[in-house]
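Trainee: I have the sequence and the model open. Could we go through the backbone and the packing, one point at a time?

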Amino acid sequence: MSPKSWRLVRPSNTLLLLFSVVGAYALTTSLISLIYYHDAKPLLSFFLTIYLVTTALSISNIIKSINVRDLSLLIALLSQTILLIGWIAIFITFAPMAYASLDKPVFPFYEQSHYALIVGPLAIAQGATSNQRVKIYIAISLFFQALLFPSLTLMMLAFFAVVVFWGSTPRIALIFTPLVFAVAFIVLTSSDPSLAYFSSRTSLSNDSDNISTLVFLQGLQSIKDSFVSTYGLGYGFQRLGEEPPSDIAYAIKFYKGVFLNRYDGSFLAAKLG
């Protein structure tokens, strides 16, 4: 591989300005955390983030230099290998060492949502450039794995796969679109105990007893409290969770016995709150 392929991709001026502003904010608040609160985690996270961004830009250039056929084969290999891992995890419980203490591990992933976020994009990328037989196999695999785990994230990716694979073909889209919406409606609104997991995940009420929903709402509440109490400045990079626990946080503690995810908000946007 040519050394030129390792050069950084230069982002647009707008993107560069955005990175600069966010980076300056993150660095400033990280230094404040270190000096005034003796907390080195934000500063270490800042340098790690810079490393990840530059690495991602370098890898994007490397991928551009790879032969399209070789890249397609690599994506297909990764997609099918990880899909196989998912099927094995459904029928065989394998949780060595620290994985034994986790609720829903899919070895080597810590939880089902982590597995879904990796296999989904790879499987969809493979299916988008494959024949109809492969498309059908991938869509069915994602759908039934989502039901058997169960996993709302994987279910949404299965629906998205159908849209990507057949949405641009009017005749097929005319058949699949009503079918996808009908299945989605049944899965998300059914009172059947085997499908109750999906309907519980779609409720965004503070009165919900679903921990994932409460953690998500806790993150939104933390962002709101952060901006309100600091007049829009926020607590700083990696400082979310320093505010007093909200009512939602106490609800989570009531159900689980401990506070959960107060320092991550369960989604990336909360990290800068």
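Trainee: In this predicted model, between which helices is Gln 238 found?
Mentor: Gln 238 belongs to a loop rather than a helix. The helices on either side of that loop are H9 (211-229) and H10 (247-256).

Trainee: Is Gln 238 buried or exposed?
Mentor: Its phi is positive, near 65°, although the residue is not glycine. Most residues other than glycine have a negative phi. The cut-off for buried is under 20% relative accessible area. Gln 238 has 11%, so the residue counts as buried.

Trainee: What is the relative accessible area of His 38?
Mentor: His 38 is another non-glycine residue with a positive phi, about 55°. The loop holding His 38 runs between helix H1 (13-37) and helix H2 (41-65). Exposed means over 50%. His 38 is exposed, because its relative accessible area is 68%.

Trainee: Which peptide bond in the loop between H3 and H4 is cis?
Mentor: Most peptide bonds are trans. The loop between helix H3 (68-91) and helix H4 (112-128) contains Pro 108. With omega near 10°, the cis bond is the one from Phe 107 to Pro 108.

Trainee: What is omega for the bond from Phe 149 to Pro 150?
Mentor: Pro 150 lies in the loop between helix H5 (132-148) and helix H6 (152-166). The bond that leads into Pro 150 from Phe 149 is cis, with omega near -10°.

Trainee: How far apart are the end C-alpha atoms of H3?
Mentor: H3 has 24 residues, and at 1.5 Å a residue the helix should span 34 Å. The value from the model agrees with that expectation: 35 Å.

Trainee: Which residue caps the N-terminal end of H3?
Mentor: The cap uses a side-chain oxygen, which lies 2.8 Å from the backbone nitrogen of Arg 69. That oxygen belongs to Asn 67.

Trainee: Which helices do the buried residues of H3 pack against?
Mentor: The buried residues in H3 are Ala 76, Ser 79, Ile 82, Leu 83 and Gly 86. In an α-helix, residues three or four places apart point the same way, because there are 3.6 residues a turn. The buried residues of H3 pack against H4 and H5.

Trainee: How far apart in space are Leu 260 and Ile 211?
Mentor: Leu 260 is in the segment after H10 and is partly exposed, at 23%. Its contacts beyond four places in sequence are Ile 211, Gln 218 and Ile 252. Leu 260 and Ile 211 are 49 residues apart in sequence, and their C-alpha to C-alpha distance is 9.1 Å.

Technical notes:
Residues numbered from 1 in each chain as written. Predicted model: local features only at pLDDT ≥ 70, side-chain atom pairs only at ≥ 80, totals over all residues. Heavy atoms only, no water. Helix = DSSP H or I, 4+ residues; strand = E, 2+ residues; numbered from the N terminus. Buried < 20%, exposed > 50% of the residue type's maximum accessible area, 1.4 Å probe, protein only. Contact = heavy atoms within 4.5 Å. Expected span 1.5 Å × (residues − 1). Polar contact = N/O pair within 3.5 Å; in protein donor to acceptor, adjacent residues only side chain to side chain.
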